[in-house]
Each structure stands twice: as structure tokens, then as C-alpha cells.
Amino acid sequence: MPIIVQKFGGTSVADSQKILAAARKAIRAQQQGNQVVMVVSAMGKNTDLLVDLAHQITDHPPAREMDMLLATGEQVSVALMAMAVHSLGHKAVSLTGAQIGIKTDSIHTKARIQSISTERMQQLLDAGNIVIAAGFQGIDEEFNITTLGRGGSDTTAVALAAVLKAATCEIYTDVDGVYTTDPRVAPEARLLSRISYEEMLELASLGAGVMHSRSIEFAKKFGVSIHVRSSLSDTPGTLINSQPESPDQPVSGAALTRDEARITVCGVPDVPGSSLAVFSRVADRNITVDMIVQNVAENGKADISFTVPRGELKSALEAVGEAAAELGASGVLFGDDVAKVSVVGLGMARQTGVADRMFRALADEGINIEMISTSEIKISVLVARDDAVRALRAVHQAFGLQDIPTITDYSLTHGAAGGAAKRAAASARAATDPADVVARLQGVNMEELVIDDVSLDQTQARVTMMGVPDTPGVAAKTFEEVAAAGIFVDMIVQSYGHESLASLTFTVPADRVAQSVEVARRLADTFHCKGVTSSPSVAKLSVSGVGLRSHTGVAIRMFRALTERDINVAMINTSEVRVNVVVDGTQGPAALEALTAAMADVRR
Ligand code: ADP
Ligand code: ASP
Ligand code: MG
């Protein structure tokens, strides 16, 4: 009998009527011939209330006790849900994470799932029960209760769907599905009929709170087809699987991370090992870093800038302070009034003129870009928090995300129980060899890092405009001119520009470097920049896999491996599926060897 996992978020179980409505949905699915596992979140805003309560007692609640407290929210919901199913005349058993056997590591409040036992759930299902699982929680080796991070019930649901080899995982929430951006921030946002794992993973990790990003890591790794839909209406919702909605569109969605903070370590010696000293200390505190940008060095000193979640600024500054002292850096700058706006799309990897369209939209709104970082499938900019919503909406509009794309095959997208959706789910799953999936599920650690590939690209060159003024419109003009010259730009980074000014660096095909430098020089004159530098041949090393950003250790492994070979990192960019570093052109093969060796134990 097929298994369906149905997850109900906080708003979908906020009161007794909603709990009963959710119970009816599960019963209906069972009556249609499925075995049903429900995963439920804490009621309404209960988790927030518990967090508040803890902070009324102390500013520094011990993480272990926080987990003990927060897990109670879901325990209330599962018990009430089981009662609701019983009251409607059907069999149900509620289980906590520990009772299911969801084993995690011991990183309290951010635990990762290591393994899940299916035996008890399967027995209960076979006996005709609806199994009601508490989302967001697990247990570590010492039987301590752990939680998976805010929003983590999605991850429980997809992980259960993976181990139970469920036909589908339905995520019931308070919106109709996944939109091109948060519909509460931009009401013009459009409901997507489907979205690929890569795009959803990136959007989720860049602020699209509709899905917990780690749930998409699971889905991609184990080929779980996800269907996001409203618990309040019967609209068809959004399918998340291996296919994008319209492959030709450069951008599929936009996201906002409102609460970011930026940190700049100034005057760091530009030698191998400096980045490692900074980021290993931050990673030791399990803080996820984004938008890492290093200035091209002047007088042997460089600035290293990056962003962290605003709530982790204090802890990140402690880490950075230690590193700055060790490195003899000249100072540390930070700001917590910034937000990150990003666009994501599989299609942008094959098109020119995407970045400049985003920068132009911001320039036309008079919005200053404080930092830029791109990867193959996303462009992120850091802006003042006060500008963030305006920036998001301008960018959303610039890519026409509110309009329905013309080329879309809707036949495969809707109706979880329908044949079309089953075919779509089947094709998504067929992409993954079942034997391979089972083998990996039996591994010790379900959420462990998986690397697919390490590769070297020696076809690119670097161009840097030094001392770019901190005013709106510079990036827009620059990349419009570069695009007008027909030059394909790969990586773009703009560093944070404090007293001295920011630098803007990009990579281009090596055979176009002379022409790119010419364009950059012309612009540098117009903008009164300090000058243009370039490197005719750089080596770009790429490590690809799943969940690379949320595993804080990936960049560290790379920095360490390169430092040991005395190789300096000139540029880095990170996404959920890829980390790229640029090093000197002559060091490409040595860097490839170093990274391949460093990733050997996590290679798929
Ligand atoms: P749940 O409690 O059901 O897990 P969440 O609040 O975690 O619900 O997620 C749903 C919310 O995600 C929506 O109310 C919406 O405001 C927000 N959201 C952010 N980005 C998006 C997006 N791209 N599409 C849909 N919703 C989004
Ligand atoms: N209740 C938890 C939270 O609010 C987990 C979840 O809802 O996904 O973060
Ligand atoms: Mg959620």
C-alpha cells in the first residue's frame, strides 16, 4: 500500500477546528487506499511563546534546556491530533521524535538527523493506524531531546517520507504553495506550479521561509517528491521535484533575508591561511556564513567581508575578534542594519544580461548595493534593511516574475492523488537509483555532507575595478556595458567598501580579457575609481554536492586543503549546491589535487 506523509504547520493546527480539519484530510487519504503518516508542528505561535518565556527567565538559556522546552510544543499537537482522529472513528497513535527513533547529533537547537528507525511506524501503519509524528525533534546518543532548528518540521516530514519510501510528501501550510516570492511581502507574487530542488533549496536558504532548507536537501538526496499546498483550500499547490517550471526563464524566484549582519575584517595579510583562521573559528560556533568577499589585496593586505544571520552577530564577532588578533588585522567593522535580496534560477547559468537587469532595477529605485555575491544559479545583494522590501519588489518586477510564463507544461503538475502527479513523482524518483538510495539510507548519518564532484576550469580571467564609489548605479552601468560588448560574466563579487572604497571583481572568458579590461578602464574613468587590475588566467575550482552552505565545514575544508599547499584564495562563492574558489592560474592542477584529496571521504 502506498505511504503518504502529510505535514501540517503551526497555522494549520492553530485551534481545535483546524486540528479536526487536518485529521479529516488524513482520514480521507487513508480511505483512498494509502497508509498515512502525519507530521505536526506546535500549535499556532506556540514555539515563539516558549522562546519568549525562556528569555523572560534568562538571556542565555542553556541550549539543552531550550530543546527540552521547545519539543513540548509539538508534543501537545500530536496528542490532540491523535484524539481528533479517534473522535472521528479512526485509529491513530501519536509518537514523539524519541519514540519513533529519530537519532540526531548533539548540536542542540540545530541538530541534524543521523538515522530514523522505521520498524515501529511500519507496524503501526500495517495495523491500520494513522501515525502522528512530532515534527522538529529527535534524540541524541545520550537520550537528550534535540530540535532541528526553527521551521524544522518540514525536515522531519521529508526525512520520514525518505525512509518510508513514501509516494509523496504533502506539506500543508497557510499559503497556496510556493510563490515567486513571499506573497506577504509582495502581494503581486505568483504561485508556481512547480519548482526544481536546486531552486527551492537555494530560495529556502536565502530566506523563503515556506520550506526549511534542510528538508529540500533530503528531498534532493533521496528523490522525495514534495507537494506544498494550502490546508485551508483545495488549490493544486506547488510540486517540488527535479524539474524547473520553465527552464528558459533566467529567474524563478526572489527571496529576502531581512535579518542579516555584515562583518569586515580589515587589513588581513593576503597570504594562504588568513581566510581559514577567520572562518574556522566562525564554523566552530556552527554559524552559517554567506556572501564571503575578499578585496583584491593592496600592499599585501586585504579585507575579508561576509554576512551572518543577525541573531548570530555577537557570537560571530567573538570568533572574528580572536582571528583578527592572531592575524594582526587592523580592525573589524560590522553593521546589523542590512538585508540580503537574492534572485534564483537554473536558467541564469546559460544566459547573459541577468545580473545587470537586477542591478539596473535597484539603481532605478536609487538603492545602493553594499555587497554582491553570485553563483551559477543565484545573485545576492546586500542593501540597507530600510530599502529591502522596495528592493525585493523592484527585482521581482524586473524579471517579470508576476507574469505567467508562456512555456509551461502544466499537465504534469497537479493533484497528488491523480495519475499525472504520480507520473511526475515517479519520474523524479526514477532519477535516483533505488538501490543507491537504500544503501545511503543505511549509512550512519542521513544528513551528512555529500559531494558529487570536484572540478577545475582554466578558461577564465579576472578583472577588478578598485575603489568603486559607494553610490547607486555603478554595478548596473558596469554590467550593462560588459553585456553590451557580448561578454559572458561568470562570477561577480563586490566587497564592502568602508573608508577606502569597495572593489568590484568579475571573471570573464580568458579570450575576452583584453576587451573586458578596456570596458572596465572606461568605466573606472567615468566613476573616478582608483584603477583596474586583471589577471589573464585564473583557475576556478568547484566542489558540488548537496547542502554545502548549511554544512558550515565545506568552505573550511577547502581553505584548509589549499592553505596546506600554500595556495591563496582570490575569490570564493557559495551556494547550496556548489562552492567555487578562484586561485592563481598556475596553481589550478595543484589546487584540484588538494581539493580532491580533501573531499575523498565525503564523495558520493
Ligand atoms: P508553517 O507553519 O505551515 O510551516 P511557515 O510560516 O513556516 O508555515 O511558512 C509559510 C510562510 O512562508 C507563508 O505564510 C509566507 O509568508 C512565507 N513565505 C516566504 N517565502 C515564500 C514563498 N516564496 N512562497 C510562499 N510562502 C513564502
Ligand atoms: N514549531 C517549530 C517552529 O516553530 C518547528 C516548525 O514549525 O516547523 O519553528
Ligand atoms: Mg514552516
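Visitor: How many bridges join strand S13 (residues 253–269) to S15?

Guide: Two strands pair if DSSP finds at least two bridges between them. Here eight bridges join S13 to S15, and the two run antiparallel. One bridge partner of S13's Ala-261 in S15 is Val-308. This is a predicted model, where local features need pLDDT of at least 70, side-chain atom pairs count only at pLDDT 80 or more, and totals for chains, interfaces and linings use all residues. Residues are numbered from 1 along each chain as its sequence is written, chains are lettered from A and ligands numbered from 1 in the order written, and side-chain values use heavy atoms, without hydrogens and water.

Visitor: What is a strand, and which way do S14 and S15 run?

Guide: Strands are DSSP runs of E, at least two residues, numbered from the N terminus. Strand S14 (residues 290–294) runs antiparallel to S15, with three bridges. Asp-290 stands opposite Thr-307 in S15.

Visitor: Why is S15 largely enclosed?

Guide: Buried means under 20% relative accessible area (1.4 Å probe, protein chains only). Seven of the nine residues of S15 (residues 301–309) are buried, so the rest of the structure largely encloses this strand.

Visitor: Which residues surround ligand 2?

Guide: Look for residues with a heavy atom within 4 Å of the ligand. Among them are Ser-41, Phe-136, Arg-150 and Gly-151.

Visitor: Where do polar atoms meet ligand 2?

Guide: A polar contact is a pair of N or O atoms within 3.5 Å. A backbone N or O atom of Gly-151 lies 2.8 Å from a ligand 2 oxygen. For a side-chain N or O atom of Ser-41, the distance to a ligand oxygen is 3.1 Å.

Key: Polar contact = N/O pair within 3.5 Å; in protein donor to acceptor, adjacent residues only side chain to side chain. Buried < 20%, exposed > 50% of the residue type's maximum accessible area, 1.4 Å probe, protein only. Helix = DSSP H or I, 4+ residues; strand = E, 2+ residues; numbered from the N terminus.
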